[in-house]
Amino acid sequence: SCTKNYDVYNTNPNGLTEEDLQKDNISAGIFLPEMQVNVFYCKTNDDYTYQLQQNLNADIFSGYFAPPGDFGGPNNSTYALKTGWNLWPFKVGFSGIMNSWREVHKRATANPQYIAIADILRVEGMHRVTDVYGPIPYTKFGTGVLSTPYDDQKTVYTAFFAELDGAIKTLSEFMVKNPTDNSLSRFDLVYDGNIKQWIKFANSLKLRLALRISYADPALAKTKAEEAVNDGNGLLLTNSDNALVVAGKGVPTRNGLWVDDISYNDTRMNASAESILKGFDDPRLSKYFLLSKVVPGDYKGVRNGIAFSGKPDGYFNSSSSSLKESTPVQYMCAAEVSFLRAEGALKGWNMGGTAKSFYEAGVKLSFEQVNASGLDVYLANNTGTQAPYTDPINAANNVPANSPLLSKTTVKWDEAASAEQKLERIITQKWIAIFPDGMEAWSEFRRTGYPKIFPVVTNQSGGTINTDLQIRRLPFSDDEYKNNREEVTKAISLLGGGPDNGGTKLWWDKKN
Amino acid sequence: LRPVSSGLNKPYFLETIKGTVKDNKGGTLPGVSVKVKSSGQTTQTNASGQYSINAKAGDVLVFSYVGYQSKEVTVSSQGTIDVVLAEDAQNLEGVVVTALGIKKSTKSLTYNVQTLSSKEVNEVKDPSFVNSLTGKVSGLTLTHSSAPGGSTKAVLRGNKSISGNNNALYVVDGVPLPSLSGAGTTDGFQISDGGDGISNLNPEDIEEVSVLSGASASALYGGQASNGVILITTKKGKAGKTAVNFNSSTTFDNPFILPKTQNTYGTPAPATAGGTPAYNGWGPKAATPGSYSPEDFFQTGKTYTNALSISGGTEKNQSLFSAAATNAEGIIPNNKLDRYNFSFRNTSSYFDNKLNLDARAEYIYQKTQNMPGQGQYYNPLTSVYLFPGASENFNNVKNYEVFDPIRKINTQNWAYGDGGINMQNPYWITNRNLFQVQRARVVGSFTAKYNFTDYLNLQGRVRMDRSTDQGETKIYATTLGNLSGNSPNGNYTSLDNLNSQTYADLLLNFNKTFGDFSLNATAGASLQNLTIKGLTIGGPLDPYKVPNFFSLLNVTQANLKPVPNAYREQNQAAFMTATFGYKNYLFLDVTGRNDWNSTLPKPFFYPSVGLSAVVSEMAKLPEFISFAKLRLSYAEVGNAIPQAYAYATNPTYPINGGAIVPFTGKPFSTLKPERSKSFEIGTDLRFMDNKLSLNATYYKTHTVNQFFRVNVSETVGYKTYDLNAGDVQNQGLEMSLGYRAQFGELSWTPNINFSFNRNKIIDLYSYNDPATGQFIDVKQIQLGGSSVIRKGGAYGEIQVKDFQRDANGGLVLDDKGLPQYSNNLITAGNVNPRYMLSMNNGFKYKNFNLNFLVDSRIGGEVISNTERTLDKFGMSQRTADSRNAGGIIANGVDATQQYYGRISSELTPYVYSATNVRLRELSLGYTFPAQVFNNKIQKIQVSVIGRNLWMIYKKAPFDPDVITLTGNAYQGFDDFAMPSLRSIGFNVNFTF
């Protein structure tokens with residue numbers, strides 16, 4: 001028999017072989033784009049992914065968005081946590097980021113800059129995953145044949161810092177040695193191959209993570225935050241530094257929130273967003289959201305965790321976000337960095353300025369970013385507080401004017417205010433500025449308790465989640481209970497004593 | 001007694017001998033060859049079975065006719081010799097076509113072969129002929145869609161493979177057919193069943209069907225035949241006068257059994273005045289029951305089959321032309337099938353019959369529209385069965401679209417919402433959610449055989465089968481967003497698929513007797529090449545462009561995602577088979593085959609061996625035993641990787657959404673073929689002058705090295721691992737019992753088929769984790785639906801959630817007084833029948849014949865998501881009966897709706913016994929003899945035919961036959977499947 005052609009027969013004509021990947025030397029960097037579009041899933045293929053990765057959890061828990069219907073039954077919005085939904089942040093993290101990271105590491109031995117970029121992207125992608133669940137398999141990823149042990153969250157964060165430090169060092173050295181090298185451009189949807197921008201982003205990310213652990217490990221937090229601020233290559237300082245995933249390099253992208261909102265009609269403005277933005281008379285309201293159809297001429301949000309009648313009952317006509325299909329997803333913006341430094345300064349860290357200066361600069365950067373006007377009036381507003389909320393369909397969901405759910409914080413900086421009041425002001429403004437990054441907003445809400453997001457109206461968690469404290473995490477992935485049962489069961493003990501449910505606090509969630 | 005004459009003797013005197021030849025049922029036999037043995041003079045009986053020939057007293061007349069035992073009669077003085085020829089009972093003395101088209105004497109067969117004639121297959125026609133085999137072959141389980149031309153799942157001797165294919169292989173004239181199975185036939189949300197390859201055949205082209213149910217019989221075909229073979233021999237042209245046959249059959253179909261729905265309780269009032277009405281039957285009791293019944297939706301299905309064949313030729317060259325048109329409309333409006341078959345076959349011989357050529361060409365064109373599937377998507381039956389006819393008017397729904405003057409398009413008229421199960425206006429679905437597929441298929445085959453001597457020949461064969469499917473899906477604007485890609489303008493998908501198979505083989509045949517010994521041997525090699533190439537592309541129509549303009553150019557361009565479909569596989573094989581005979585009553589059969597398959601890293605070999613002993617010729621048996629044979633065989637068959645897991649040994653990096661992504665399946669370079677080891681022992685017995693026949697086979701099969709694709713934690717860097725493991729055992733019995741009774745002119749030929757199969761999962765897979773050294777034994781796999789594969793269990797097991805129970809097994813009620821489900825899974829049954837029993841009866845009286853088939857399946861369970869949903873929506877008759885009887889009172893309040901809402905949250909109460917007995921087929925025919933037409937027309941046969949006329953007994957609230965899915969998952973799972981059909985029709989056959 002002549003079986004010499006069997007290699008050809010047994011090769012998928014639509015799949016790339018190792019030999020194909022060697023052409024044009026793309027092998028080392030070709031898996032970077034996949035990492036970039038999976039932090040917030042934004043490919044046009046399987047564009048339902050973002051909804052499960054983030055929209056039906058963090059985006060609604062953060063107070064930015066709320067579902068206008070019940071998807072046919074109790075679900076996350078009333079804390080009836082759906083296992084089939086809640087495995088997705090984990091799934092996308094591993095299939096979209098970790099696996100591609102492994103490929104880059106395997107192939108880019110001669111291209112240390114690619115490995116450094118992959119490390120930064122991995123930290124940016126996976127900190128969102130650990131911030132959802134707590135312990136994750138991280139340092140031992142890929143070493144097991146059938147199972148991988150979990151790391152506690154402290155170990156994961158320690159690894160994040162080490163990787164960012166290593167990447168910053170590698171890139172700084174690379175930049176000096178190869179000042180004109182732009183080979184990364186082919187694989188870079190974020191900074192088009194600009195290494196210095198990647199270093200700025202890595203420093204800013206390090207600052208974000210430092211503040212995240214500031215209640216759990218204040219000493220390490222301070223060290224890392226000050227390192228980040230003092231690095232010679234700097235931070236994301238202007239809006240032109242913002243880390244955005246821009247379509248191109250052969251990868252068409254689509255904003256997942258646009259899909260969920262405009263295409264699926266599955267998400268709308270949250271009542272908390274309406275309350276805060278209206279209360280501050282915030283010019284960004286009209287930049288972020290569209291006028292509703294349910295209250296013509298006005299913006300209208302939906303409360304989280306309300307009861308639906310099971311029939312179309314009008315919540316669909318609440319405000320959509322103004323995001324476009326082509327709006328790039330944003331990893332981080334300069335305004336966030338400014339608010340992080342404001343909080344650091346508030347803690348007495350050396351951030352290179354005062355809390356007030358960073359706070360006001362943060363608001364200014366945010367206004368600039370969305371091209372909003374009226375900054376001075378806004379910054380001087382010391383009367384506007386969170387506005388009451390009226391549900392146009394069911395008054396049971398109203399938050400009346402005297403409700404304790406409404407915060408009294410205002411916009412105007414008050415140097416005489418308590419540290420806690422200052423913190424609420426900073427985090428509330430950061431929350432507005434980093435819209436629509438629900439994952440980061442939910443994490444910071446859990447860490448600091450701000451802003452005052454309305455609790456769910458109906459709590460169907462069966463007593464596992466406290467309505468006032470709100471949801472603190474998602475249970476471990478159901479896939480892991482099927483396929484990595486022993487290790488995920490062991491990981492429950494890494495949760496710090498709490499059970500594997502939505503009420504258990506993460507390691508860095510130490511403030512309250 | 002006179003001495004027997006020889007040609008040398010001078011005749012005393014010649015006289016004309018006349019007579020009539022009849023069969024043992026009293027029918028006359030035309031075309032019987034009558035030969036004077038001494039002189040060689042021959043003639044044939046005419047259309048009325050009469051002959052006349054000159055012979056002298058003492059001559060021996062030989063009457064021979066294909067399919068009948070020859071008879072010799074010595075001429076005495078009388079001038080009339082009437083002869084009755086006995087049928088060559090089930091070809092026991094004859095030959096059957098076995099694997100690769102090799103003919104073997106039935107005596108020498110070491111395994112079970114069941115043969116059906118064209119007549120048995122075609123008596124009661126089905127557009128897909130395989131469905132006509134139901135109840136006629138023991139050990140064959142058929143499940144199929146009731147839509148005309150839908151796919152059929154044919155399982156012989158039980159399911160063997162967990163991940164692979166379990167369907168029998170179809171072989172036409174010795175060559176395996178590509179399966180051409182329709183897409184999407186494996187999950188619970190099947191969209192549209194495209195039909196399979198076998199359903200394309202023109203049933204009238206079939207001469208004979210042989211079913212080789214065991215691996216021994218089919219080992220020569222290799223892995224693809226490990227589930228048995230259904231072997232089809234097509235008709236050839238016949239020498240002699242040109243014969244024209246025209247057959248026309250018309251059948252009318254109606255739903256056989258529909259679920260019992262209620263029409264006394266209507267919808268509850270909308271929550272707010274003028275709001276959307278709810279779509280369920282949990283509202284108040286209507287003053288008078290509504291008149292709506294789901295039957296209102298169905299139309300009478302019609303199937304017209306018209307087939308013409310012309311046959312003729314000389315002794316050296318025969319041709320057959322056939323053409324057939326099948327035009328069918330389903331019972332669901334707008335479901336259509338149109339099929340046209342054309343074939344031409346020429347058989348010829350040259351050089352004094354040394355060279356035989358056989359060429360056949362076939363063209364098939366088939367067009368289908370809206371082939372029904374099951375599940376929620378695009379299924380009109382959800383809203384039809386759930387329509388609350390007590391308060392709502394179905395006539396309003398018939399007006400399925402209304403003109404929107406602003407958009408200037410017709411928009412869907414459906415006020416009731418999707419009910420969480422993707423419901424739409426059922427007429428909108430049938431008219432505005434269109435699935436159209438056109439298939440053009442060309443088959444060409446050529447065989448050349450050279451006879452070196454009368455015992456040695458070389459045969460070469462090549463067959464090409466090229467099938468192209470072109471499909472379009474048109475989803476009109478205002479279709480439910482979930483089903484239109486959320487575009488306000490509609491959705492359009494186009495698919496093109498080419499499936500091309502080339503098969504070629506070369507066989508050297510040797511067949512010779514040496515004294516008491518004989519050898520029938522074949523050695524050969526084959527090549528099979530399969531190429532599938534296709535493209536599916538489409539998406540939501542651009543919201544900024546034109547509604548209902550179904551062109552790829554009008555699809556949102558960023559959403560135009562080409563999904564290429566490409567598969568290549570080549571198999572090369574070398575094989576041999578030899579049957580050693582001794583005294584024509586003891587036979588040893590051995591086969592061996594070696595495969596080189598492109599999906600596997602190494603070639604693999606598998607053997608079979610068998611023994612057949614005709615005891616009745618070896619020893620003197622009691623008089624009443626006319627024939628007794630024992631047979632015994634063992635075979636192993638290897639199976640290549642299932643196509644669904646193509647390239648498992650050689651993964652490549654996919655491009656997904658413009659990005660190159662890592663592959664997620666760990667390469668499995670040491671993959672071995674799945675291997676079935678089977679053993680069978682059987683007997684063929686005949687009693688009372690061959691009148692009573694019994695055929696029984698016991699078999700046992702172990703299928704090991706099963707192919708598993710296992711999900712692993714993605715934290716190890718892969719999503720799936722592939723491995724060989726497991727052991728699935730099937731054992732069972734196949735029996736058929738036949739009788740031929742003659743009471744004067746009335747003949748009765750009953751035939752009983754009985755079989756059972758017992759499946760057991762002996763082992764799944766286990767491994768030592770190389771990282772931890774831990775031994776992991778996997779005991780259970782979830783297949784989809786409620787199907788579970790469990791070590792120690794059986795294939796097809798159904799698991800559902802149990803209610804919460806106390807220590808005594810009583811229900812633990814919740815605070816509302818309702819039962820509640822626990823997380824405990826219980827085994828609720830198995831979808832496979834425990835026993836299959838059927839009885840076919842043929843009666844013949846003069847020119848009348850009556851046939852009926854009573855078919856039963858005993859045991860086994862089916863699950864109905866339809867019934868569950870009917871309960872949930874308060875639309876089942878059960879819920880109305882319960883309310884009429886005062887409702888279900890829990891904690892002192894009426895909790896009927898809450899109760900049904902609770903129990904219908906799981907499938908547990910909706911597992912039903914599939915036991916049923918039915919009159920599956922009935923036909924009554926009359927043959928007008930040639931004399932009626934002055935012999936201008938040979939004969940006209942008319943018959944009235946019926947299928948599913950009477951459900952004699954059943955337990956489930958629906959016909960368990962509706963189960964349509966042909967994959968391994970979701971077996972026995974009914975989810976708004978199209979009802980089975982009661983068909984009544986008539987058939988006219990003209991032979992000129």
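This note comments on chain A of a predicted model and on its contact with chain B.

1. Secondary structure. Chain A contains 20 helices and 5 strands.

2. Overall dimensions. The radius of gyration of chain A is 23 Å, and the globule rule gives 24 Å for 512 residues; the two values are close, so chain A is as compact as a globular protein of that length. The C-alpha trace of chain A spans about 85 × 55 × 45 Å along its principal axes.

3. Burial and internal contacts. Of the 512 residues in chain A, 55% are buried. Among the contacts in chain A with a separation of 6 or more, 74% are between residues 24 or more positions apart.

4. Extent of the contact between the chains. Chain A contributes 50 residues and chain B contributes 45 residues. On the side of chain A that touches chain B, two or more residues come from each of α1 (6-9), β1 (15-16), α3 (32-36), α6 (88-107) and α19 (478-483) of chain A. The element that gives the most to this side is α6(A), with 7 residues.

5. Character of the contact. The side of chain A that touches chain B comprises 23 polar, 18 nonpolar and 9 charged residues.

6. Strand pairing across the chains. The strand β1(A) is joined by 2 bridges to strand β32 of chain B, residues 653-656, and the two run antiparallel. Within this pairing, which residue of β32(B) stands opposite A:L16? The residue is B:Y653. The strand β1(A) is also among the elements of chain A that give two or more residues to the side touching chain B.

Conventions
Residues numbered from 1 in each chain as written. Chains lettered and ligands numbered in written order. Predicted model: local features only at pLDDT ≥ 70, side-chain atom pairs only at ≥ 80, totals over all residues. Contact = placed C-beta atoms within 7 Å. Helix = DSSP H or I, 4+ residues; strand = E, 2+ residues; numbered from the N terminus. Nonpolar A, V, L, I, M, F, W, Y, C, P; charged D, E, K, R; others polar. Pairing = 2+ DSSP bridges. Rg over C-alpha atoms; globule rule 2.2 N^0.38 Å. Buried ≥ 20, exposed ≤ 12 C-beta atoms within 10 Å, placed from the backbone.
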